[in-house]
Amino acid sequence: IPAYQDYSQRAMTTEVMTPAAPARLAIAEFYASQGRLPNAEEAAGYSQAFEQGPVLRIDYDARLLRLVLELSPEAGLGDGAILELVPVLQDGMIIRWRCASPNLDESQLPGSCG
């Protein structure tokens, strides 16, 4: 049963990646064309708030160079859960996004992070 619970939780947290897709793509395109990640002014358009769903808010933290997702209780990870998407850079491209969190256990992070 614990393995199934872990699988269920990872499946739920994978859903939080969908709303972040447009911001991830925009940042990747910016990096590919400019050769650097956006600063705070350039990234202002990447912020979004949602009225429903597993994500409450997405912001780009230009100081830490990552997308920060504030998750709703609907994500099943409790109140105040935060997921950070950190771009992994190689050869002038973002090759993947690594997940981190200041308040989630590694086992709770989406399986699509790597």
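Okay, let's start with burial: a residue is buried under 20% relative accessible area, exposed over 50%, and partly exposed in between, with a 1.4 Å probe and protein chains only. By that cut-off Arg 66 is buried, with a relative accessible area of 17%. I'll come back to that arginine.

First, the ground rules. This is a predicted model, where local features need pLDDT of at least 70, side-chain atom pairs count only at pLDDT 80 or more, and totals for chains, interfaces and linings use all residues. Residues are numbered from 1 along each chain as its sequence is written, and side-chain values use heavy atoms, with hydrogens and water left out.

How confident is the predictor? On pLDDT, its confidence in each residue from 0 to 100, the protein averages 86, and 87% of the residues score at least 70. Among the elements, helix H1, residues 2-14, has the lowest mean at 58, while strand E3 has the highest at 95.

Now the layout. The protein has 2 helices and 5 strands; these are DSSP runs, H or I of at least four residues for helices and E of at least two for strands, numbered from the N terminus. Along the sequence the pattern reads α-α-β-β-β-β-β. Of the 114 residues, 37% are buried.

On to the sheet. The 5 strands make an open sheet in the order E1-E2-E3-E4-E5, with antiparallel pairing; two strands pair if DSSP finds at least two bridges between them. E1 (48-49) and E5 (93-100) stand at the edges with a single partner strand each, so one side of each has no neighbour in the sheet.

Let's look at E4, residues 82-90. On one side, 4 bridges join E4 to E3, residues 66-71, and the two run antiparallel. Leu 67 stands opposite Leu 85 of E4 in that pairing. On the other side, 7 bridges join E4 to E5, again antiparallel. There, Leu 85 has Cys 99 as its bridge partner in E5, and Val 86 has Arg 98. Is E4 enclosed or not? 7 of its 9 residues are buried, so E4 is largely enclosed by the rest of the structure.

Follow E4 to its end and you get to a hairpin: E4 and E5 have 2 residues between them, and Asp 91 in the turn has a positive phi of about 50 degrees. Asp 91 is exposed, at 71% relative accessibility. Its C-alpha is 9.7 Å from that of Ala 32, though the two are 59 residues apart in sequence.

Compare the loop between E3 and E4, where Ala 75 is found. Ala 75 counts as buried, at 1% relative accessibility. Its partner to look at is Gly 53, 22 residues apart in sequence and 7.7 Å apart in space, C-alpha to C-alpha.

What lies across the sheet? Helix H2, residues 21-34, lies across E2 (55-61), E3, E4 and E5, running at about 140 degrees to E5. That angle is between N-to-C directions, on a scale from 0 to 180 degrees, with axes fitted to C-alpha atoms, for helices over the stretch in contact.

Then there's the core. A nonpolar core here is a set of buried Ala, Val, Leu, Ile, Met, Phe, Trp, Tyr and Cys residues joined through side-chain atoms within 4.5 Å. The largest one has 27 residues, and those with the most contacts inside it are Ile 27, Leu 67, Leu 69, Leu 71, Leu 83 and Leu 85. H2, E2, E3, E4 and E5 each give two or more residues to this core, and H2 has the largest share, with 4 residues.

Leu 85 is worth a click. Counting heavy atoms within 4.5 Å as contact, and leaving out residues up to four places away in sequence, Leu 85 touches several residues, including Met 17, Ala 20, Leu 67, Trp 97 and Cys 99. Arg 66 is on that list too.

So, back to Arg 66, in strand E3. Beyond its neighbours within four places in sequence, its contacts include Asp 59, Asp 61, Glu 84 and Leu 85. And a polar atom of the Arg 66 side chain lies 3.4 Å from the backbone oxygen of Leu 64.

Methods
pLDDT is the predictor's confidence in each residue, from 0 to 100. A polar contact is a pair of N or O atoms within 3.5 Å; within protein, one must be able to donate a hydrogen and the other to accept it, and residues adjacent in sequence count only if both atoms are side-chain atoms.
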